[in-house]
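Here's a quick tour of one protein model. Have the sequence and the coordinates open as you read.

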Amino acid sequence: MSMSSGWQDPLGRPRASIARVVIAALAALAITGSAWPTQARSMRPSYDNPIAALQSAVWGGDWAWLITELRQEQQADPGALSIHVAEAEDQLVGAGWARFHRNTQFASLWGGSTLRAWRGRGIYRSLVARRAAQARERGLRYLQVDASPDSRPILERLGMHMVSTTTPYVWSPPRS
């Protein structure tokens, strides 16, 4: 996740503290054999896709670019990206996607956003479970997750373990 000018911390923390939140968030996790709930469905990105609106509602800013990026990725290599959504009361309440990295033992989980009013109901867990099950079905051994501090306890309860952190940098080219 880049911290572009449109990104806002959902908890309203000052920009200086946002980097520390993201730094402590990247985790490479072993997939366990624990039972996973199901409460999500797969989908393909489309022009009228509500995922961008969901991301904007959860994280702030304009996420319209996301649908184009996901669509291009899926068209370039349909087997390398899997998108999942959770719906309730005829609305999209959560979404996440998995990237399956060729010639590695890794999948990475992205998105994983749930509308605030729908948190605490197992939706994020369900989305993680669905994507982890896909990775397991493909014979992959590890998940890499760039998670917020809110997600870490959920991931740990699912049997995952943090093994590393990263420091994000944002580069802005000098104006010519």
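## Around tryptophan 97

Let's start in the middle of things. Setting aside neighbours within four places in sequence, tryptophan 97 is in contact with Ile51, Gln55, Leu66, Leu70, Leu81, Ser82, Ile83, Ser108, Leu109, Trp110, Gly111 and Arg131. Bear in mind that this is a predicted model.

Tryptophan 97 also turns up in the largest nonpolar core, which has 22 residues; Ile51, Val93 and Trp97 have the most contacts inside it. Two or more residues of this core come from each of α2, α3, β3 (81-88), β4 (91-100) and α4. A second core, separate from that one, has 15 residues, including Leu109, Ala132, Ala135 and Ala147. In soluble globular proteins, nonpolar side chains tend to be buried together.

## The helices

How many of the 9 residues of helix α2 (residues 51-59) are buried? The count is 7, so α2 is largely enclosed by the rest of the structure. Those buried residues are Ile51, Ala52, Leu54, Gln55, Ser56, Val58 and Trp59. Just past the end of α2, glycine 60 has a positive phi of about 80°.

Helix α3 (residues 65-76) has 12 residues and spans 17 Å from first C-alpha to last, close to the 16 Å expected at 1.5 Å a residue. Its buried residues are Leu66, Ile67, Leu70, Arg71 and Gln74. They cover an arc of only 125° around the axis, which means they sit on the same side of α3. An α-helix has 3.6 residues a turn, so residues three or four places apart point the same way. On the face of α3 turned away from the buried side you'll find the exposed residues Gln75 and Ala76.

In helix α4 (residues 123-137), have a look at glutamine 134. With a relative accessible area of 18%, glutamine 134 counts as buried, because the cut-off is under 20%. Its side chain makes a polar contact of 3.0 Å with that of histidine 84. Beyond neighbours within four places in sequence, glutamine 134 touches Ser82, His84 and Phe100.

## How far to trust it

The protein averages a pLDDT of 75, and 73% of the residues score at least 70. Here are the two extremes among the elements:

| Element | Confidence rank | Mean pLDDT |
|---|---|---|
| α1 (residues 15-23) | lowest | 34 |
| α2 | highest | 91 |

Over residues 1-39 the pLDDT is below 50, though this stretch has 94 contacts in the model beyond near neighbours in sequence.

Terms used. Residues are numbered from 1 along each chain as its sequence is written. Side-chain values use heavy atoms; hydrogens and water are left out. Buried means under 20% relative accessible area, exposed over 50%, partly exposed in between (1.4 Å probe, protein chains only). Helices (H or I, at least four residues) and strands (E, at least two) are DSSP runs, numbered from the N terminus. pLDDT is the predictor's confidence in each residue, from 0 to 100. Contact means heavy atoms within 4.5 Å. A polar contact is a pair of N or O atoms within 3.5 Å; within protein, one must be able to donate a hydrogen and the other to accept it, and residues adjacent in sequence count only if both atoms are side-chain atoms. The expected span of a helix is 1.5 Å times one less than its number of residues. The arc is that of the directions from the helix axis to the C-beta atoms. A nonpolar core is a set of buried Ala, Val, Leu, Ile, Met, Phe, Trp, Tyr and Cys residues joined through side-chain atoms within 4.5 Å.
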